[in-house]
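Student: I've just opened this one and don't know where to begin. Can you walk me through it?

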Amino acid sequence: MKQIVLILMSLLTFSCSSKAQKQTADTDRQSDKKILVAYFSCTGTTEKVATAIAKETGGKLYRITPATAYTSADLDWNDKASRSSVEMADEKSRPALGGETIDLKDYDVVFLGYPIWWDLCPRPVNTFLEKYDFAGKTVIPFATSGGSSITGSVKQLKRLYPKIEWEEGRLFNGGTANVTGWSKQIIEKL
């Protein structure tokens with residue numbers, strides 16, 4: 001009887017340790033990629049989604065910071081003379097960036113977040129994409145919007161930056177509710 005109990009305990013111990021090793025291997029597989037979550041946000045909406053993605057993926061959070069911050073008057077899309085309206089009317093507009101610089105060679109995957117402005121990404125995001133070398137990086141766009149889709153912005157990004165390896169993007173209109181599942185799917189796919 002003692003032998004049967006010992007055999008059962010041995011089998012149980014072996015089973016548990018191999019299961020733990022498999023879970024560790026799965027976790028290691030997900031963490032093989034070095035992830036950056038770069039985002040542009042003026043009102044905090046996109047920042048909340050970016051923070052949730054960074055938490056879920058273990059990525060480093062990086063804020064794309066304009067040299068001159070946007071005021072609420074700058075963001076008034078009803079005013080054709082507002083800063084954001086003028087920038088978005090000019091496809092070649094590239095507002096200067098401030099904030100810290102980042103070394104992209106330290107990352108394999110970049111989640112790129114922004115609000116939708118005039119069905120596109122804001123011009124500071126273009127400045128960011130042109131400032132750094134994205135060769136060999138996988139870029140995954142995500143956006144927030146009150147009513148627009150992400151389609152127009154991604155289409156323009158792919159047209160302007162064809163050398164970047166783009167993954168399918170996602171729009172988050174409802175806050176951070178669906179971030180966890182989406183982030184896990186993306187990381188598992190890479």
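Student: Which residues have the most contacts inside the largest nonpolar core?

Tutor: Keep in mind that this is a predicted model. Its largest nonpolar core has 31 residues. Those with the most contacts inside that core are Leu-112, Tyr-114, Phe-128, Leu-129 and Phe-134.

Student: And which elements give two or more residues to this core?

Tutor: Both strands and helices chip in here. The helices are α4 (123-131) and α5 (151-160), and the strands are β1 (35-39), β3 (109-115) and β4 (138-144).

Student: What is Leu-112 in contact with, leaving aside its neighbours within four places in sequence?

Tutor: Let's go along the sequence. Ahead of Leu-112 come Ala-38 and Ile-64. After those, the list runs through Val-125, Phe-128, Leu-129, Val-139, Ile-140, Pro-141, Phe-142 and Trp-166.

Student: How many residues are in the second, separate core?

Tutor: That core includes Val-37, Val-179, Trp-182 and Ile-187. Its full count is 16 residues.

Student: Now Thr-127: is that residue buried or exposed?

Tutor: Thr-127 is found in helix α4. Not counting residues up to four places away in sequence, Thr-127 touches Arg-94, Pro-95 and Leu-97. The cut-off for buried is under 20% relative accessible area. Thr-127 has 13% relative accessibility, so the residue counts as buried.

Student: Zooming out, what share of the chain do buried residues make up?

Tutor: The chain has six helices and six strands, and 190 residues. Of those residues, the buried share is 41%.

Key. Residues are numbered from 1 along each chain as its sequence is written. This is a predicted model: local features need pLDDT of at least 70, side-chain atom pairs count only at pLDDT 80 or more; totals for chains, interfaces and linings use all residues. Side-chain values use heavy atoms; hydrogens and water are left out. A nonpolar core is a set of buried Ala, Val, Leu, Ile, Met, Phe, Trp, Tyr and Cys residues joined through side-chain atoms within 4.5 Å. Buried means under 20% relative accessible area, exposed over 50%, partly exposed in between (1.4 Å probe, protein chains only). Helices (H or I, at least four residues) and strands (E, at least two) are DSSP runs, numbered from the N terminus. Contact means heavy atoms within 4.5 Å.
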